[in-house]
Amino acid sequence: MPSDSAALGTAAEQAQAALANVEARPGVPKPDPIMVADHVRRSFGGLTAVDVEHVEIQRGAITALIGPNGAGKTTFFNLITGFDNADEGKWSFNDRQVSGMAPYKLARIGMVRTFQLTKALSRMTVMDNMRLGAKGQTGERFFAAIFPFLWNSQEKSIAQHATGLLERFNLHEKVGDFAGSLSGGQRKLLEMARALMADPELIMLDEPMAGVNPALKQSLLGHIKTMREEGTTVLFVEHDMDMVHDISDWVIVMAQGSVIAEGPPDAVMKDKAVIDAYLGAHHDSQLTETGESLTDSSNGDAR
Amino acid sequence: MDWSFVLTQTLTQAIGIQAIIYCLAAIGLNVQFGYTGLLNFGQVAFVAAGSYAVGVIVLTFDLSLWLAILVGIVVATIIALLLGIPTLRLRADYLAIVTIAFSELVRLTVRSIAFKDVLGGAQGLNGKIGQDFHNTNPLPADFQSLPVLSWTRQDLWVVIVGWILVALFTLLVWLLVRSPWGRIVRGIREDENAVVSLGKNVFAYKLQALILGGIIGAFGGIVWAVAKQSVQPDTFRPEFTFFAYTILLLGGAARVFGPIVGAILFWIVLAGTGEFLGQAIQAGWIDFLQPTDVGNIRFVLMGSGLIALMVFRPQGIFGDRRELALDAK
């Protein structure tokens, strides 16, 4: 793709153009990274769950973080979002050192995450879930909360913003329902919409497709693409390579705690190290009577 | 069998000073447990803090009651910080363990002989603790008694101001929980990591809820000391906290009026069964019980009632069963 037309194209084209000349190898520098992580390590007892040498996330692109069970994807997510403490390592967001920062502060500066096990707040309405996402609310301060006239107008504009997002995510008919009464897929949608209420620059989705039916998967993919069009950088964890192939501009592959491959989806799918990590090194050979070719991918999810 | 005595006594206690004290403690718990999900099993420590603060300031240091009330608020805040800062970053159970231990620690400390000069030891503090308050009594000096409710002039004034306090704190809680602040604490009750991920300082909100609930509880203690003109260390046993929880669950947790209705109901059952059994034994209707058994039997009945409540109406009087039916995660 010629780079001059890319400047005029959609966010997808721009992102792909920016990454077109980036070499496909682990830890490769990106032209405009929103996030850079160095030497991030976390071990649980004797098990090193994460040991990432260097990784950069391109601004404005959809980056997928994939890998087999137990590769350390979610742990890496937890580390860089502050929900878990790294043994060592440094990482920066928008050129600002953020390692060791409290998770709520990270969310405030624009790094918002979702969770693998959806955290819809069950006994609160869909609208209250959404409103909770909005940043800088006056009425969240204890003494201001007592005087509704201080925050009523802000509350209205938040509700308006939330209604817009709920319409986009097809949840507007559920506004008054308890979040606990939504289906699993709808909760995923709600969690994503709620994260957008916080106006993230980088949204980090932990397995957004887990437990979602195929029809809803398509619409979720659409929503993720829309986020990119609106200028939000997306980093998401996923198992499923086919799904990743459809939407991501760049794929980072983790296995046994480290980044083993990086590149555009097509290149990564053909990478021998990736295929080996997913299927085991002997996946093409004949099944033996002992079944040893099946054993490599069976380790548990280390979180 | 004197039915009118049973009824008037029950009614007097149902909306009397004890009901107000427990109601205030339960309002505090409602903020902490009902809305924020903090398991504070040491609410009695805050009540004791309120009582002892006014007792010590007025009797031991001979200062004004109004200053003493301020000191009570400050002491409750300090206790909340002391309990909350180390535990609120940890899982919910840690606060529960620490608070229940702390409340016993408080009781055993204040009744110990070592601080007898200041805190009065096992005898507690006795004297004109509430004099500054009783001097403001606007009721006529020749006041005898209300028609049905058997309060003295002094008690009636405490009851009036007590219920005004209950109303004010209920209003405060109502304003808070319908605000964005309340939304955050309810979110914390549901799943604090979700709230953290949206950029809210969950720790600070939990601490605020613990402090507010503690201060409301301390007001229960202040009312107690002022009404009884004495502070007794052994009234601050862990049962107090569990009765306050009973009241909260009876009315319905996370409901603004839950603690009020719960407290009245609790005392109707407790006082009603007590007075009824007492009268029935006197009248010879029941011959297998002694008058001294009544105090214990009524708690047996109360416990049975609580079990029945959990089975048939687990959401309490005001609660919404559909909310309980939702899975909590």
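How many residues does the contact take from chain A, and how many from chain B? Keep that question in mind while you load both chains, and remember throughout that this is a predicted model.

**Stop 1: where the chains meet**

Display chain A and chain B together, and select the residues at which they touch: the contact takes 30 residues from chain A and 28 residues from chain B. On the side of chain A that touches chain B, look for helix H4 (103–108), strand E6 (111–113), helix H5 (126–133) and helix H6 (142–145), each of which supplies at least two residues. If you then colour that side of chain A by residue class, you will find that its residues divide into 15 nonpolar, 6 polar and 9 charged.

**Stop 2: the two domains of chain A**

Hide chain B for a while and colour chain A by its domain assignment, which gives domain 1 as 3–119 + 197–279 and domain 2 as 121–181. The centres of these two domains of chain A, taken over C-alpha atoms, are separated by 29 Å. Where they touch, 5 residues of domain 1 of chain A are in contact with 8 residues of domain 2 of chain A, and the domain 1 side of this contact has, by class, 2 nonpolar, 1 polar and 2 charged residues.

**Stop 3: the sheet of chain A**

Next, switch to a cartoon view of chain A and follow its open sheet, in which 6 strands stand in the order E6-E7-E8-E3-E9-E10 with mixed pairing. At the edges you will find E6 and strand E10 (258–263) of chain A, and because each has a single partner strand, one side of each is left without a neighbour in the sheet. Looking across this sheet, neighbouring strands are turned by 20° against each other on average, with direction ignored.

**Stop 4: strand E3 and its two partners**

Now select residues 62–66 of chain A, which make up strand E3, and show their side chains; the strand is mostly covered, with 5 of its 5 residues buried. Which residues point one way from E3(A), and which the other way? Ile62(A), Ala64(A) and Ile66(A) point one way, while Thr63(A) and Leu65(A) point the other way, and all are buried.

Add strand E8 (residues 233–238) of chain A to the selection: E8(A) runs parallel to E3(A) and is joined to E3(A) by 5 bridges, with Glu238(A) as the bridge partner of Ile66(A). Then add strand E9 (residues 250–255) of chain A, which also runs parallel to E3(A) and is joined to E3(A) by 4 bridges. In E9(A), Thr63(A) has Trp250(A) as its bridge partner, and Leu65(A) has Ile252(A).

**Stop 5: an exposed residue in helix H10**

Move to residues 241–247 of chain A, which form helix H10, and pick out Asp242(A) within that helix. Asp242(A) counts as exposed because 9 other C-beta atoms lie within 10 Å, and the cut-off for that class is 12 or fewer. If you draw a distance from Asp242(A) to Met269(A), the viewer should give 9.2 Å from C-alpha to C-alpha, although the two are 27 residues apart in sequence.

**Stop 6: chain B on its own**

Finally, bring back chain B and hide chain A, so that you can look through the 15 helices and 2 strands of chain B. The C-alpha trace of chain B spans about 65 × 50 × 40 Å along its principal axes, and its radius of gyration of 20 Å agrees with the value near 20 Å that a compact globule of 329 residues would have. Colouring by burial shows 51% of the 329 residues of chain B as buried. Among the contacts in chain B with a separation of 6 or more, residues 24 or more positions apart account for 75%.

Notes
Residues numbered from 1 in each chain as written. Chains lettered and ligands numbered in written order. Predicted model: local features only at pLDDT ≥ 70, side-chain atom pairs only at ≥ 80, totals over all residues. Buried ≥ 20, exposed ≤ 12 C-beta atoms within 10 Å, placed from the backbone. Pairing = 2+ DSSP bridges. Domains from an automatic or database assignment. Contact = placed C-beta atoms within 7 Å. Nonpolar A, V, L, I, M, F, W, Y, C, P; charged D, E, K, R; others polar. Rg over C-alpha atoms; globule rule 2.2 N^0.38 Å. Axes fitted to C-alpha atoms, helices over the stretch in contact; angles between N-to-C directions.
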